[in-house]
Amino acid sequence: MKTTYREAIRAAMREALLGDERVFLMGEDVGRYGGCFAVSLGLLEEFGPERIRDTPLSESGFVGAGIGAALGGMRPIVEIMTVNFSLLALDQLVNNAATLLHMSGGQFNVPVVFRLTTGAGRQLAAQHSHSLEGWYAHIPGLRILTPATLEDARGMLGTALEDPDPVLIFEHGSLYNVPGEIADDAGLVNIDKAAVRRAGADVALITYGGTLPVVLESADRLAAEGIEAEVVDLRVLRPLDDAALLAAVAKTHRAVVVDEGWRSGSLSAEISARITEQAFFDLDAPVGRVCSAEVPVPYARHLELAALPSVERVVEAVHKVVGAGG
Amino acid sequence: MTAPGEKAHPEEAKLLQLLDADGRRVPDPELERWVEDVSTDQLGALYEDMAIARRIDVEATALQRQGELGLWPPLLGQEASQIGSARALREDDFVFSSYRENGVAYCRGVGFEDILRVWRGNSGSGWDPYSINMATPQIIIGAQTLHATGYALGCQQDGVDSAAIAYFGDGATSEGDVNEAMVFAASFQAPVIFFCQNNQWAISEPVGLQARRPIAGRAPGFGIPSLRVDGNDVLAVLAATRIALDRARSGGGPTFIEAVTYRVGPHTTSDDPTRYEDSNQREDWVRRDPLARVEAHLAAAGFFSDGFRDGVKAKADDAAARLRAGCHSLKDPEPMTVFEHVYSSPHPALERQRARYTQYLATIEGGNR
């Protein structure tokens with residue numbers, strides 16, 4: 001059936017709400033407005049204000065209350081309008097959601113799912129455009145998901161709700177309108193493994209979330225030149241699927257990591273380090289990286305686009321690792 | 001505090017009290033009807049709870065000084081606030097506390113060895129939160145107020161008349177989380193009680209740095225009814241908490257209680273209040289001791305006999321002995337447990353660390369224990 005990324009997430013939420021009375025959604029503008037990105041449109045009318053709860057503008061408030069409701073046996077879905085605003089709730093996310101199981105000696109599960117929009121490309125300026133999912137992937141106790149496909153948009157939420165631990169799902173804002181076909185019976189998907197989105201023997205392009213379409217387009221352009229790229233969609237940033245990374249490197253002997261986050265101290269650095277640690281002798285060239293310019297994301301359209309990973313920059317990076325390998 | 005020509009809000013000035021510092025009943029028809037049922041026997045039982053809580057506290061402090069515990073946060077002076085409020089709760093209510101509410105934990109029925117488990121470093125948690133309906137102690141100042149609010153939303157959604165109570169101190173009222181929790185609780189009329197023990201200190205910072213006016217005066221601005229109660233008066237605290245619970249159970253939403261008390265001991269055993277505390281102020285508060293006033297009241301009623309006193313002392317000493325024995329019975333955690341409870345399900349990074357550490361331990365004689 002035809003759907004969009006946005007509709008797929010909505011269908012996932014609807015299914016969860018219908019299937020489990022402990023599930024409820026809360027966040028800013030999720031009810032009457034249908035969500036700032038229209039993801040929850042129509043859910044208030046169907047499920048009522050107790051289960052589709054508009055909250056005060058209080059990130060720490062609804063994140064902390066979501067944790068409390070989860071401790072009490074509920075299964076909250078908490079929408080944080082964008083990852084940028086989650087910084088106001090960092091203590092609840094990092095010091096509480098991520099630690100309570102450990103600090104309670106395994107007795108206090110926190111089964112809550114946080115949905116956050118991430119990423120740039122829509123001329124929303126720095127404070128609404130950052131990609132901070134790599135930060136969260138640093139934190140023991142959290143599971144970090146980055147659905148990039150319609151199947152994952154449809155299937156990750158349900159699996160995340162079954163997880164007894166806190167899960168953060170990062171939805172790249174540029175993906176909401178992406179249309180496509182999914183199976184009528186599309187359902188839950190695993191939240192452990194990376195996926196190969198395109199097979200190729202010459203270079204591994206490793207990415208996730210909003211840059212997957214950029215990387216796939218880059219791969220098409222490279223194919224026209226005779227360079228076949230293997231495209232790995234990480235899907236899950238914590239825990240990272242090392243086996244998938246190493247398999248792609250063993251096959252292609254070259255890797256480029258494409259990450260909309262900043263380069264320094266980043267997820268792309270972690271991936272590069274893991275490849276170097278575990279597959280150094282498989283490599284024919286140093287690992288390449290394409291990241292965002294290390295500036296607050298610009299507002300001006302042309303400057304914003306220049307700051308983000310692009311097809312041109314991915315192709316250039318591949319040329320470099322392929323050339324360096326002889 | 002009040003500028004010339006400016007009058008304090010009359011509500012702010014009112015401190016609810018039923019037993020004054022000398023143990024005399026203070027007439028307050030509005031308040032006392034909430035504790036009409038409390039007989040002299042029952043007041044005696046509240047006294048006993050406070051005496052045991054104090055004795056446990058003294059013993060735990062001694063255990064820390066003897067090197068048996070890493071740290072202990074004494075509750076000395078706050079017994080009435082903790083016992084009076086905790087004894088108002090039902091079993092199905094849920095407590096979200098800070099680290100100092102060991103008197104509350106005692107009332108919830110925590111096992112003696114479980115009180116100290118976390119402070120001895122034997123486990124992340126001393127007790128099973130769901131067996132006594134009390135969360136494990138929150139260390140981040142004020143963060144638990146939001147958990148209580150969210151828990152209360154769940155009660156509301158389930159249609160049960162249980163309530164959540166959040167315990168925090170005067171310092172916490174400056175934290176964003178406490179203020180966000182009050183906004184949240186008011187918006188949804190959540191059945192939650194914000195129980196602030198104003199013990200006058202946030203480590204070395206006096207309450208005047210957190211609040212220019214009585215803290216209870218803030219809650220009405222959030223749309224939350226507020227009570228300011230003598231936190232060293234166990235009867236008044238019991239009454240105030242019953243008022244708040246009644247409101248929560250009947251759909252009336254949250255209540256804020258400021259229990260005005262004093263931290264007679266240090267912030268924790270790592271603190272030295274002589275560096276910042278005025279000893280006269282401390283002496284003033286010691287004269288308003290929560291146990292002494294009940295003792296005086298019971299004595300005047302002919303209830304505080306030698307037999308009663310000796311009975312309470314024996315129970316308190318027995319509690320202390322069990323606490324000490326429980327402490328000594330706790331075994332050190334096994335090295336491999338460090339990797340437990342980060343996630344509920346297997347996690348590759350943890351498995352990798354576990355495997356490496358197992359290998360390392362195998363190189364040390366006796367290291368696999």
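**Questions on a predicted model**

A:Ile206 stands opposite A:Val257 in strand E13 of chain A. The model that shows this pair is predicted.

Me: What makes strand E10 and strand E13 of chain A a pair?
Reply: Two strands pair if at least two bridges are found between them. Strand E10 (residues 203–207) and strand E13 (residues 255–262) of chain A share 3 bridges, in the parallel sense. The requirement of at least two bridges is therefore met.

Me: To which sheet do these strands belong, and in what order do its strands lie?
Reply: The open sheet of chain A has 5 strands, in the order E9-E11-E10-E13-E14, and its pairing is mixed.

Me: Why are strand E9 and strand E14 of chain A called edge strands?
Reply: Strand E9 (195–198) and strand E14 (288–292) of chain A each pair on one side only. Neighbouring strands of this sheet are turned by 25° against each other on average, direction ignored.

Me: Into which domains is chain A divided, and how many residues of each are in contact with the other?
Reply: Chain A is divided into domain 1 (2–181) and domain 2 (195–324). Contact means heavy atoms within 4.5 Å, and 31 residues of domain 1 of chain A are in contact with 23 residues of domain 2 of chain A. The area buried between these domains is about 2100 Å², with 57% given by carbon and sulfur atoms. Their centres, taken over C-alpha atoms, are separated by 26 Å.

Me: How do you know that the length of helix H14 of chain B agrees with the expected span?
Reply: Helix H14 (residues 306–329) of chain B has 24 residues, which should span 34 Å at 1.5 Å a residue. The end C-alpha atoms of this helix are 34 Å apart, so the two values agree.

Me: Which helices do the buried residues of helix H14 of chain B pack against?
Reply: The buried residues of helix H14 of chain B, among them B:Phe308, B:Val312 and B:Leu323, pack against helix H3 (40–65), helix H6 (112–120) and helix H13 (290–300) of chain B.

Me: Why is B:Leu298 called buried?
Reply: A residue is buried when its relative accessible area is under 20%. B:Leu298 has a relative accessible area of 0%, and is therefore buried. This residue is found in helix H13 of chain B.

Me: What is B:Leu298 in contact with, beyond its neighbours within four places in sequence?
Reply: The contacts of B:Leu298 include B:Thr40, B:Leu43, B:Tyr47 and B:Phe308. B:Tyr47 is 251 residues apart from B:Leu298 along the chain, and their C-alpha atoms are separated by 9.4 Å.

Note on methods
Residues numbered from 1 in each chain as written. Chains lettered and ligands numbered in written order. Predicted model: local features only at pLDDT ≥ 70, side-chain atom pairs only at ≥ 80, totals over all residues. Heavy atoms only, no water. Helix = DSSP H or I, 4+ residues; strand = E, 2+ residues; numbered from the N terminus. Axes fitted to C-alpha atoms, helices over the stretch in contact; angles between N-to-C directions. Expected span 1.5 Å × (residues − 1). Buried < 20%, exposed > 50% of the residue type's maximum accessible area, 1.4 Å probe, protein only. Domains from an automatic or database assignment. Buried area = accessible area lost by both parts, 1.4 Å probe.
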